[in-house]
Amino acid sequence: MRRKPGQLVPLEVSILEAAQALRGMGMAEAHGFLLARTIADQRGAKHLTAYGSLYKALDRLERATLLESRWEDPREAAEAGRPRRRFYRMTAAGEGALADARDRAPTVALDPLPDRSPVS
Amino acid sequence: MLVPLRRTIARDHGAALVRGWVALYTLGLPDGLRARRREELGADLAEETADAVRRAALPGLAGRRFVRLLMGIPADLAWRLLDAPGMAVAFRLQRAWVPPTRWTLSALGVVAVGTAGALVLVAGPLLDATARSDPWVGWGPYGFAAGCVGALVAIVAAVPAPHRALAIVLPAALVGTLAAPWFVGPWLLVVIAVGVRWYESRSTRSRP
């Protein structure tokens with residue numbers, strides 16, 4: 001099934017909603033796993049979004065300039081003893097696209113995020 | 001055989017399976033694009049393990065990873081077949097062009113003159129219809145001339161597009177060598193000159 005140009009699929013809407021929710025919690029940027037975890041928490045899902053689906057959607061959102069990304073400073077990652085993360089930030093265009101998607105599907109409402117401390 | 005495999009999967013909670021799959025479907029992509037996907041998945045796996053430790057959910061992590069992997073395979077294949085080729089072109093265009101060194105230019109110049117000379121020597125009699133079958137065998141002179149033309153194109157392309165040049169020179173040299181096996185030495189020199197140019201453009205390339 002071909003999608004209309006510029007139209008977001010449900011997973012892409014979920015990613016933008018997760019990015020917005022995290023920003024509301026003081027995290028302007030989020031890495032892929034944190035977005036997947038946030039989506040699962042919002043949906044109350046047992047499983048996280050599949051690797052392939054998540055990163056394909058992130059790629060597409062970035063190419064559509066709805067998200068922008070940057071690599072973490074490798075020194076920070078080395079100090080923390082883990083691989084460096086790629087951080088995604090929602091752009092103004094992303095906020096607009098999310099608002100449009102919500103207008104088109106006003107019945108879509110996700111559970112609020114559970115109260116939890118940010119993943120460090 | 002199966003027991004060590006099972007132990008490995010248990011030790012890293014299935015992360016090696018995910019890494020292996022990522023390594024497989026990113027084969028053939030430009031280094032930067034492949035590294036980005038691999039690093040990003042590597043970071044995801046590390047975060048997933050840390051998250052499982054925090055939630056005391058380490059048992060069963062390998063199974064959950066396997067489900068995440070399987071469910072994402074169609075998207076991975078779609079990304080590899082439909083999205084990645086376009087991104088690869090962008091990556092290749094972004095790649096900084098590395099100017100050839102004096103020595104590489106000299107080597108390319110020498111093999112260009114030699115190849116052009118060989119082409120004239122072989123193609124001239126062919127055009128005059130005076131080519132003799134001895135010492136050539138059958139399609140020999142034609143194959144040799146075609147190899148020379150391919151090699152010349154590759155030598156010219158080696159400065160702006162070393163990767164493409166290498167892809168041209170290898171079959172050209174093969175055809176030329178098959179046509180004239182006694183001429184293998186000069187063909188080797190052509191391949192080496194283009195190969196050196198390809199290597200210098202690759203080794204000094206900055207990673208995106």
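1. Two residues count as in contact here if their C-beta atoms, placed from the backbone, lie within 7 Å. On that criterion, and bearing in mind that this is a predicted model, 24 residues of chain B are in contact with 19 residues of chain A. The elements that give two or more residues to the chain B side of this interface are helix H3 (31-54) and helix H4 (61-94) of chain B, and the largest share, 12 residues, comes from H4(B). By class, the residues on that side divide into 11 nonpolar, two polar and 11 charged.

2. The overall make-up of each chain may be set out next. Chain A has five helices and three strands, which follow the pattern α-β-α-α-β-α-β-α when read along the sequence. Chain B has eight helices and zero strands, so that its elements, from the N terminus on, run α-α-α-α-α-α-α-α. Buried residues make up 36% of the 120 residues in chain A and 30% of the 208 residues in chain B.

3. On contacts within each chain, the figures concern pairs at least 6 apart in sequence: in chain A, 60% of such contacts join residues at least 24 apart, while in chain B residues 24 or more positions apart account for 70% of the contacts with a separation of 6 or more.

4. Within chain A, the axes of helix H1 (residues 10-24) and helix H2 (residues 32-43) come within 9 Å and cross at roughly 95°. Because angles of 65 to 115 degrees count as roughly perpendicular, H1(A) and H2(A) are described as roughly perpendicular to each other. H1(A) contributes A:Ser14, A:Ile15, A:Ala18, A:Ala19, A:Ala21 and A:Leu22 to the contact, and H2(A) contributes A:Leu34, A:Leu35, A:Thr38, A:Ile39 and A:Gln42. By class, this contact has eight nonpolar, three polar and no charged residues.

5. Helix H2 of chain A also takes part in a packing across the chains, where H2(A) and H3(B) meet at an angle of about 50° with their axes 8 Å apart, an arrangement that makes H2(A) oblique to H3(B). The residues making the contact are A:Gly32, A:Phe33 and A:Arg37 of H2(A), together with B:Glu40, B:Asp44, B:Glu47, B:Glu48 and B:Asp51 of H3(B). By class, the contact of H2(A) with H3(B) has one nonpolar, one polar and six charged residues, whereas the contact of H1(A) with H2(A) has no charged residues.

6. A residue of H3(B) that deserves separate mention is B:Ala43, which lies in helix H3 of chain B. B:Ala43 is buried because 21 other C-beta atoms lie within 10 Å. Leaving aside its neighbours within four places in sequence, B:Ala43 is in contact with A:His31, A:Pro83, A:Arg84, A:Arg85 and A:Arg86.

7. The largest nonpolar core has 35 residues, of which A:Ile15, A:Leu16, A:Ala19, A:Leu35, A:Leu54 and A:Leu58 touch the most other members. The elements that give two or more residues to this core are H1, H2, H3, strand S3 (86-90) and helix H5 (92-104) of chain A, together with helix H2 (15-25), H3 and H4 of chain B. A second, separate core of 28 residues includes B:Val111, B:Phe144, B:Ala165 and B:Ile168.

8. Helix H3 (residues 51-63) of chain A has 13 residues and reaches 18 Å from its first C-alpha to its last, close to the 18 Å expected at 1.5 Å a residue. The buried residues of H3(A) are A:Tyr51, A:Gly52, A:Ser53, A:Leu54, A:Tyr55, A:Lys56, A:Ala57, A:Leu58 and A:Leu61. One of these, A:Leu54, touches A:Gly32, A:Ala36 and A:Thr49, not counting residues up to four places away in sequence. Just after H3(A), A:Thr65 takes a positive phi of about 60°.

9. The last point concerns A:Glu72, which lies in the loop between strand S2 (67-71) and helix H4 (74-80) of chain A. A:Glu72 is partly exposed because 17 other C-beta atoms lie within 10 Å. Leaving aside its neighbours within four places in sequence, A:Glu72 is in contact with A:Ala77, A:Arg84, A:Arg85 and A:Phe87. A:Glu72 and A:Pro83 are 11 residues apart in sequence and 9.4 Å apart in space, C-alpha to C-alpha. A:Pro83, A:Arg84 and A:Arg85 are also among the residues in contact with B:Ala43.

Terms used:
Residues numbered from 1 in each chain as written. Chains lettered and ligands numbered in written order. Predicted model: local features only at pLDDT ≥ 70, side-chain atom pairs only at ≥ 80, totals over all residues. Axes fitted to C-alpha atoms, helices over the stretch in contact; angles between N-to-C directions. Helix = DSSP H or I, 4+ residues; strand = E, 2+ residues; numbered from the N terminus. Parallel < 35°, antiparallel > 145°, perpendicular 65-115°, else oblique. Nonpolar A, V, L, I, M, F, W, Y, C, P; charged D, E, K, R; others polar. Expected span 1.5 Å × (residues − 1). Buried ≥ 20, exposed ≤ 12 C-beta atoms within 10 Å, placed from the backbone. Core = buried A, V, L, I, M, F, W, Y, C linked by C-beta atoms within 7 Å.
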